[in-house]
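Here is a friendly walk through one protein model. Take a moment to look over the sequence and turn the structure around before reading on.

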Amino acid sequence: MDADAPGTVLKRERTRDAVLELIESRSPGDAIPSERALCALLGVSRPTVRAAVDELVAAGLLVREHGRGMFVAPAKITQELVAGDRALSVPQAAGAWSSRLLEFTTLQAGARVGRKLRMSPAAEIVYVARLRLVDGAPMAIEHLHIRAELVPGLSAQELESGDLYEHLRATHGVHVHEAVQAIEPTVVTRAEAGLLDVPELSPALLFERLTSDTTGRPVEYVHSLYRGDRYRIVSRLALGPAAEVAPDLEGHHPGIPPGDFAHGDAIASSTRGDIQAGG
């Protein structure tokens with residue numbers, strides 16, 4: 001089929017929309033008709049159907065299983081960015097979130113992390129690598145760098161169960177207040193792909209966050225890699241004045257583990273192009 005032929009782009013778009021409508025009318029794990037059946041149903045050629053299906057597979061909405069067919073992919077974890085200066089109260093997100101500890105050690109901050117946390121490169125930090133799972137499926141890899149002086153006796157159990165910021169508040173007396181976070185697209189390496197159970201070079205979202213306490217002191221620097229096929233960001237933009245409404249408490253703040261800040265500590269959040277080291 002000539003990609004430049006009149007009507008070709010519109011035909012592909014309508015085919016994609018028709019397949020998307022089939023997906024949206026079904027539940028995760030449900031089968032959709034084969035490519036051959038879709039051709040007959042929609043009255044279009046096999047290449048047109050295949051292009052639409054390929055696009056929806058790449059977008060994480062369809063899953064191909066060799067020898068079995070095509071199925072509706074698991075629902076994406078959707079998080080909302082809300083414009084404004086109000087504090088964020090972060091409730092639980094959909095699904096059962098859990099953590100698996102990959103690495104847990106104390107080491108010197110080094111030049112880059114030291115700059116982020118406003119501390120000497122020779123000062124000690126706690127480094128943590130965690131695999132975050134939703135309903136048992138891998139969702140993200142988190143790399144945490146926390147000032148060691150603030151968390152004496154921090155245990156592996158604190159990092160695998162509950163929410164980290166609640167543990168910091170209740171056990172270590174650390175009250176987080178502000179997070180400056182950057183989000184950008186990336187792809188996964190071979191090692192990351194193995195942990196996230198996706199193909200190498202799959203799309204992902206990279207989050208970098210610097211969290212400070214109520215005195216303005218940097219507490220932690222985090223960079224996290226979230227699966228691009230299972231995680232998406234929705235922005236709500238205020239385009240004019242509106243009546244006061246109760247905040248929508250559905251979902252949690254992007255890149256911040258669900259449940260954090262849900263037990264008394266609110267966090268003021270701003271999303272910018274870079275992580276600021278705070279001085």
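What follows goes from the whole chain to its strands, cores, helix and loops.

## The whole chain

First, a word of caution: this is a predicted model. The protein chain has 279 residues, and 41% of them count as buried. Its secondary structure comes to seven helices and 12 strands.

How do the contacts spread along the sequence? Take the contacts between residues at least 6 apart in sequence: 65% of these join residues at least 24 apart. As for the outside, the chain exposes about 14,500 Å², and carbon and sulfur atoms supply 52% of that area.

## A strand with two partners

Strand β10, residues 218-227, is a good place to start. It is mostly covered, with nine of its 10 residues buried. β10 pairs with β9 (residues 203-213) through nine bridges, and the two run antiparallel. Within this pair, Leu-206 stands opposite Leu-225 of β10. β9 and β10 form a hairpin with four residues between the strands, where Gly-216 takes a positive phi near 90°.

β10 also pairs with β7 (residues 137-147), again antiparallel, this time through seven bridges. Here you can find two histidines as bridge partners: His-143 and, in β10, His-223.

## An arginine under cover

Is Arg-209 buried or exposed? This residue sits in strand β9. Its relative accessibility is 3%, so Arg-209 counts as buried, the cut-off being under 20%. The Arg-209 side chain makes a polar contact with the side chain of Gln-181, at 3.4 Å.

## Two nonpolar cores

In soluble globular proteins, nonpolar side chains tend to be buried together. In this model, the largest nonpolar core has 16 residues, and those with the most contacts inside it are Val-126, Leu-144, Ile-146, Val-151, Leu-154, Leu-164 and Leu-168. The elements giving two or more residues to this core are β6, β7, α6 (164-172) and β10. Of these, α6 gives the most, with three residues.

Ile-146 is worth a click. Leaving aside its neighbours within four places in sequence, Ile-146 touches Ile-125, Val-126, Val-151, Leu-154, Leu-164, Val-219 and Glu-220. Apart from this core lies another, of 14 residues, which include Val-19, Val-44, Val-53 and Val-72.

## A small sheet

Now look for the open sheet of three strands, ordered β1-β3-β2 with antiparallel pairing. β1 (31-32) and β2 (62-65) stand at the edges with a single partner strand each, so one side of each has no neighbour in the sheet.

How many bridges join β2 to β3? There are four between β2 and β3 (residues 69-72), and the strands run antiparallel. One of the bridge partnerships links Glu-65 with Gly-69 in β3.

## A helix with two sides

Helix α2 covers residues 35-42, and Glu-35, Leu-38 and Cys-39 are buried in it. Why do they count as being on the same side of α2? Because they cover an arc of only 105° around the axis.

On the other side of α2, the exposed residues are Arg-36, Ala-40 and Leu-41. Right after the helix comes Gly-43, which has a positive phi near 70°.

## Two loop residues with positive phi

Most residues other than glycine have a negative phi. Arg-118 goes the other way, with a positive phi near 55° in a residue other than glycine. You can find Arg-118 in the loop between α4 (110-117) and β6 (124-134). Its relative accessibility is 40%, so Arg-118 counts as partly exposed.

Asp-135 is not a glycine either, and its phi is positive at about 50°. Look for Asp-135 in the loop between β6 and β7. Is this residue buried or exposed? Asp-135 is exposed, because its relative accessible area is 59% and the cut-off is over 50%.

Terms used. Residues are numbered from 1 along each chain as its sequence is written. This is a predicted model: local features need pLDDT of at least 70, side-chain atom pairs count only at pLDDT 80 or more; totals for chains, interfaces and linings use all residues. Side-chain values use heavy atoms; hydrogens and water are left out. Buried means under 20% relative accessible area, exposed over 50%, partly exposed in between (1.4 Å probe, protein chains only). Two strands pair if DSSP finds at least two bridges between them. The arc is that of the directions from the helix axis to the C-beta atoms. Contact means heavy atoms within 4.5 Å. Accessible areas come from the Shrake-Rupley method with a 1.4 Å probe; for residues, only the protein chains shown count as cover. A nonpolar core is a set of buried Ala, Val, Leu, Ile, Met, Phe, Trp, Tyr and Cys residues joined through side-chain atoms within 4.5 Å. A polar contact is a pair of N or O atoms within 3.5 Å; within protein, one must be able to donate a hydrogen and the other to accept it, and residues adjacent in sequence count only if both atoms are side-chain atoms.
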